[in-house]
2 protein chains.
Amino acid sequence: MFKRFKIPEATIGRLTSYSRFLKEADEKGVTTVSSQQIARATGVTPAQVRKDLAYFGEFGTRGVGYNPRELYNYIMKILGLDRRWSVAIVGAGHLGTALSLYKGFAERGFDITCIFDADPEKIGKKIAGLEVRSLEELSQKVKEYNVELGIVAVPAAAAQEVVDIMVGAGIKGIINFAPVNVSVPEDVVIRRVDLASQLEYLTYHLGETR
Amino acid sequence: MFKRFKIPEATIGRLTSYSRFLKEADEKGVTTVSSQQIARATGVTPAQVRKDLAYFGEFGTRGVGYNPRELYNYIMKILGLDRRWSVAIVGAGHLGTALSLYKGFAERGFDITCIFDADPEKIGKKIAGLEVRSLEELSQKVKEYNVELGIVAVPAAAAQEVVDIMVGAGIKGIINFAPVNVSVPEDVVIRRVDLASQLEYLTYHLGETR
DNA sequence: TAGATTGTTAATCGATTAACAATC
DNA sequence: TAGATTGTTAATCGATTAACAATC
């Protein structure tokens, strides 16, 4: 879309944090921000900010700075967040339930529209106003709700099978919370979030300072 | 501890995945693995594997390879996982509850030993066999249970205050699930896990392929 | 010894930072 | 115009990969 050449993965993460600062600035009524202000607020260098933005276009005015609202809108467009996304969660256990109820998703444009589980005990129950459905219904509901993104919150042993079903139904982007790597076709984007690994980073760094 | 010079952050993440492969190999009774086998299993180059290990020492035998059990043990030591860690969770909402019940932590040596919440409605309830306690008790319980790591699963507005209490009690490593950046003293390691950002990476990459 | 694989150095690649011309 | 700040190029820094001597 915007991508003309290879963009560092880290740039995308930084754009997210720039956008949060810009939104706040706009809400405060600020009409101009400099790369230095963005940099200070997000903990990077001003050159980094300008370089990150330069990958996608020219959004500022020399000698002046950036308009926070305009730049925010550009970044949201770059990140694909200038519209809402329909998301399915598979796994209605504790984690799946917690994620279904998490308000932060809707705030960033992600609507949890359906929840699935394999356990007959859970099917039919309501979470966040949504009925938990069987995996057999997934394909149909994905079409019905225009689901494009999925979240996997099932045990490791079930993850690959669940992902296959999701991919088969046409889901194009998946977050995997199961502690196992799963494979997907080339055109599907998958990202694994490993909860235990997060703690492992801490213990390594604590050992380091000893 | 092992660190003699600066080690790439990515190396630490890769060590984690090497360790998982090595454990499996050992359990299968394999007595020798090569850097090439480790590389294939974890999706990196053999040179990368050897380089990552070289930061910490010499663990293989030239012409032969590595002993999976030995190398696993070395890596666990490097990561600070050659012992168990006591972890406190603050926030007994849906996410805090899900994390308290998550079995994957104990498997990697992390024992959730106490759970705290500010809400009087939740205090006294039991989650995963543990009583939810008030924040006033945090400092005392941290000492009692030798807590060194903490997980923050509270709303954004409460996160900084909660982190301050944790740091005051002597907790040295924190995972923050609240959607806000919090500050800590230099000697405390903090890592933020932003759930909505995970989905934002997907939408960017989906836009890219359009 | 011949074959294999490590540990390490040198080459390459990529990302960040510094510097500055363009321009408001 | 003078001062400020962008967009971009060049310099630097750091991480990955390739190559190979050491050695089992």
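These legends describe close-up views of a predicted model with protein chains A and B and DNA strands C and D.

**View 1. Surroundings of DNA strand D.**
DNA strand D is surrounded by 25 residues. The closest are A:Ser35, A:Arg50, A:Gly60, A:Gly63 and B:Lys6. Of the atoms of DNA strand D that come within 4 Å of the protein, 69% belong to sugar and phosphate. By class, the surface near DNA strand D holds six nonpolar, ten polar and nine charged residues.

**View 2. Polar contacts to DNA strand D.**
Three pairs are picked out here, from A:Ser35, A:Glu58 and B:Arg14. A:Ser35 uses a polar backbone atom, 2.7 Å from a phosphate oxygen of DNA strand D. A:Glu58 uses its side chain: one polar atom lies 3.1 Å from a sugar or linking oxygen of the strand. B:Arg14 also uses a polar side-chain atom, placed 3.2 Å from a phosphate oxygen of DNA strand D. Three elements give two or more residues to the surface near this strand: α3 (46-54) of chain A, and α1 (9-27) and α3 (46-54) of chain B. α3(B) gives the most, with four residues.

**View 3. Surroundings of DNA strand C.**
Around DNA strand C there are 25 residues. Those that come nearest are A:Lys6, B:Ser35, B:Arg50, B:Gly60 and B:Gly63. Sugar and phosphate make up 68% of the atoms of DNA strand C that come within 4 Å of the protein. The surface near DNA strand C divides into six nonpolar, ten polar and nine charged residues.

**View 4. Backbone contacts of chain B to DNA strand C.**
The residues shown are B:Ser35, B:Gly60 and B:Gly63. A polar backbone atom of B:Ser35 is 2.7 Å from a phosphate oxygen of DNA strand C. B:Gly60 places a polar backbone atom 2.8 Å from a phosphate oxygen of the strand. For B:Gly63, the partner is a base oxygen of DNA strand C, 2.9 Å from a polar backbone atom. α1 and α3 of chain A and α3 of chain B each supply at least two residues of the surface near DNA strand C. α3(A) gives the most, with four residues.

**View 5. The interface of chain A and chain B.**
Here 52 residues of chain A are in contact with 52 residues of chain B. The area buried between the two chains is about 5,100 Å². Carbon and sulfur atoms give 70% of that area.

**View 6. Salt bridges and polar contacts between the chains.**
Six salt bridges are counted between chain A and chain B. In one salt bridge, the side chain of B:Arg20 meets that of A:Asp194, at 3.4 Å from N to O. Across the interface, 14 residue pairs are in polar contact, with both residues at pLDDT 80 or more.

**View 7. The side of chain A that touches chain B.**
Elements of chain A that each supply at least two residues to this side include the helices α1 (9-27), α5 (94-101), α6 (104-107) and α9 (195-209). The strands β5 (149-152), β6 (173-176) and β7 (189-192) do so as well. α9(A) gives the most, with 14 residues. By class, this side of chain A has 30 nonpolar, eleven polar and eleven charged residues.

Notes. Residues numbered from 1 in each chain as written. Chains lettered and ligands numbered in written order. Heavy atoms only, no water. Near = heavy atom within 4 Å. Polar contact = N/O pair within 3.5 Å; in protein donor to acceptor, adjacent residues only side chain to side chain. Nonpolar A, V, L, I, M, F, W, Y, C, P; charged D, E, K, R; others polar. Contact = heavy atoms within 4.5 Å. Buried area = accessible area lost by both parts, 1.4 Å probe. Salt bridge = Lys/Arg side-chain N within 4 Å of Asp/Glu carboxyl O.
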